[in-house]
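Welcome, and thanks for opening the viewer. Keep your selection tool at hand, and let us walk through the model one stop at a time.

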Amino acid sequence: QHLGITRGRVRDVFKSLETEGLVQINKNRGASVRKVSREEVENIFEVLEEVSILIVKKVARQLDDEQNRKCLEESLVIVGKFHVDSERIIKVEDYMEENRRFWGTLAEISNNSVLSDIRGRLQAPLFRLAMEGLTVNTNHEQWIARHEEIVIAILEHDVNQASRYARKSMHDVWKAILALPDSAFAR
């Protein structure tokens, strides 16, 4: 009522989120964020890693465009500043937002909206686990690790090295999420 949204519209949104696999609707109990199994996380990361590598490769091919290069250089400055500031940042949301911004910028430069959409859809079911991982893990830096190296390698036209850094970044996050206790996952 406060937001001026009807119950029907809220139900429609939850149904849409259920269709996308993000929430689970329990009769007479409402909606909750759907838990994913360890196996599903592994499957998601397998695809997410390849999509991320493809984004890196496409970005490297787009560097002839001065605007894209400038955008990537600006992203490097932001990544570097975040890296320095991360020693003082304690909010989990900041790490999640920086990761979203970083990969969103690369996806935008790749000039392929489908890749951007796919990456976002793959990441969505992992957000709850990533938030939990950031909360329980004291090594927050691993969630943004390799971002600087990825950008520098792309700017130096070393696509293979950028791809290795992207793969390593994915594996670091993957390892941290899979290290969460069994209670974090669906059975």
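Start by selecting strand β1, residues 23-26, together with β2: four bridges join the two strands, which run antiparallel. This is a predicted model, so please read each stop as a description of a prediction. Now pick out Q24 and look across to β2, where its bridge partner is S32.

Next, follow the chain from β1 into β2. What do the two strands form together? They make a hairpin, with three residues between them. Click on N28 in that turn, and you will be on a residue with a positive phi of about 65 degrees.

Keep β2 (30-33) on screen and add α1 (7-19), because your next stop is the largest pocket and these are the elements that give two or more residues to its lining. To see the whole lining, select R7, V10, R11, F14, K15, I25, G30 and A31. Which element gives the most to this lining? That is α1, with five residues. Try colouring the lining by residue type: four are nonpolar, one is polar and three are charged. The volume of this largest pocket is about 180 Å³.

Now move on to the helices. Select α2, residues 38-61, and α8, residues 159-178. Their axes lie 9 Å apart, and the two helices pack at an angle of about 160 degrees. Angles over 145 degrees count as roughly antiparallel, and therefore α2 and α8 are roughly antiparallel to each other. Is their crossing left-handed or right-handed? The crossing of α2 and α8 is right-handed. Colour the residues of this contact by type as well, and you should find 14 nonpolar, three polar and seven charged.

Leave α2 selected and swap α8 for helix α5, residues 113-123. Here the axes of α2 and α5 come within 10 Å and cross at roughly 150 degrees. α2 and α5 are therefore roughly antiparallel to each other. The crossing of α2 and α5 is left-handed, whereas that of α2 and α8 is right-handed.

To finish, zoom out and show the whole chain. How many helices and strands are there? The chain has eight helices and two strands. Trace the elements from the N terminus on, and they run α-β-β-α-α-α-α-α-α-α. With the C-alpha trace displayed, the chain spans about 55 × 35 × 30 Å along its principal axes.

Note on methods:
Residues numbered from 1 in each chain as written. Predicted model: local features only at pLDDT ≥ 70, side-chain atom pairs only at ≥ 80, totals over all residues. Heavy atoms only, no water. Axes fitted to C-alpha atoms, helices over the stretch in contact; angles between N-to-C directions. Parallel < 35°, antiparallel > 145°, perpendicular 65-115°, else oblique. Left-handed = near helix turned anticlockwise from the far one by under 90°. Nonpolar A, V, L, I, M, F, W, Y, C, P; charged D, E, K, R; others polar. 1 Å grid on protein atoms, 1.4 Å probe; cavity = no way out; pocket = protein on both sides within 12 Å on 5 of 7 lines; lining within 4 Å. Points joined across faces, edges and corners; volume = space filled by probe spheres on them. Pairing = 2+ DSSP bridges.
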